[in-house]
Amino acid sequence: MTTDKVTEVFELPDKSGTPSLVAGVDEVGRGALFGPVVAAAVILPVSVLPQLALSGVKDSKKLSPKRRQKLSQEIQGLALDWTIGYATSAEIDQLNILQASLLAMKRAVLKLKVKPDLCLIDGLHVLPDLPIAQRNLVKGDQRSLHIAAASIVAKVWRDDLIIRLATKYSEYDLTANMGYGTKKHRLALQKYGPCRLHRMSFSPCSQFQSQITKFSY
């Protein structure tokens, strides 16, 4: 029988036997056509990991919006520290989405007021010039409670941002698609053209970049 429960894979006591401070780091929004790529860094005390596991902390994509909201509040209340970092649409177009994602994660880590001993980074790529020890974990949001917690906090923060922006850019159906390339979103791009918060290096935004849009400001 398979289980959907995340198990923390790293136990990192220091030489005195005291558990090390571990920050989970993850990003969301890489595949979206609109808005920033957002990352969270979350430092959790070892003592709260069983509680969060019982609460159902896991990969944010496997949770309903309501459940993510509740868990994000619980995580923030239990965390020793948590921060958000992001890279804008313009930075994504300038750097490419991979480098912008790494930049967002690095920004989140550097904003932490509590310095971790180790950062667990979701994915294959290290964060360049990070002055803290780091370790990559492929599918980390499925394997580490620290990373899963970061994925939830980042997802809720980004969704809240997109919902606020949706009132200004209502033609793109952002409340429903959170910036991703659904059929309605693509049809809106074809009809209205992209706005300044679309990622012009992404297709189909680039396809309609020459179109005049009333949201060009």
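**Exercise 1. Determine which residues V109 touches, and place V109 in the nonpolar core.**

Solution. V109 touches V25, A41, T83, C119, L127, L130 and I132, not counting residues up to four places away in sequence; contact means heavy atoms within 4.5 Å. The model is predicted, so local features need pLDDT of at least 70 and side-chain atom pairs count only at pLDDT 80 or more, while totals for chains, interfaces and linings use all residues. Residues are numbered from 1 along each chain as its sequence is written, and side-chain values use heavy atoms, with hydrogens and water left out.

Next, consider the core. A nonpolar core is a set of buried Ala, Val, Leu, Ile, Met, Phe, Trp, Tyr and Cys residues joined through side-chain atoms within 4.5 Å. Buried means under 20% relative accessible area, exposed over 50%, and partly exposed in between (1.4 Å probe, protein chains only). In the largest nonpolar core, of 36 residues, V109 and C119 touch the most other members. At least two residues of this core come from each of strand 1, strand 2, helix 4, strand 4, helix 6 (145-166) and helix 8 (183-192). Helix 4 gives the largest share, seven residues. Another core, of 23 residues, lies apart from it and includes L52, V57, I152 and V153.

**Exercise 2. Check the length of helix 4 (residues 97-110) and describe its packing.**

Solution. Helices (H or I, at least four residues) and strands (E, at least two) are DSSP runs, numbered from the N terminus. The expected span of a helix is 1.5 Å times one less than its number of residues. For the 14 residues of helix 4 this should be 20 Å, and the end C-alpha atoms are 20 Å apart, which agrees.

The buried residues of helix 4 include I97, L102, M105, K106 and V109. Its buried residues pack against strand 1 (22-28), strand 2 (37-43), strand 3 (81-87), helix 3 (89-95) and strand 4.

At the start of helix 4, a side-chain oxygen of N96 comes to within 3.1 Å of the backbone nitrogen of L98. N96 itself sits in the loop between helix 3 and helix 4. N96 has a positive phi of about 95° although it is not a glycine. Most residues other than glycine have a negative phi.

**Exercise 3. Establish how the charged side chain of D122 is accommodated.**

Solution. D122 belongs to strand 4 (residues 118-122). D122 is buried yet has no salt bridge, that is, a side-chain nitrogen of Lys or Arg within 4 Å of a carboxyl oxygen of Asp or Glu. The nearest side chain of opposite charge, K61, is 6.4 Å away; Lys and Arg count as positive and Asp and Glu as negative, with His and the chain ends not counted.

The backbone then has to be examined. A polar atom of the D122 side chain lies 2.7 Å from the backbone nitrogen of G140, and the side chain also reaches the backbone nitrogen of D141 at 3.4 Å. Among the other residues that D122 touches are V25, L137 and I147.

**Exercise 4. Decide whether I84 is buried or exposed, and locate its neighbours.**

Solution. I84 is in strand 3. Because its relative accessibility is 6%, I84 counts as buried. I84 and A39 are 45 residues apart in sequence, and their C-alpha atoms are 5.7 Å apart in space. The residues that I84 touches include V38, A39, A108, V153 and W157.

Definitions and conventions. Polar contact = N/O pair within 3.5 Å; in protein donor to acceptor, adjacent residues only side chain to side chain.
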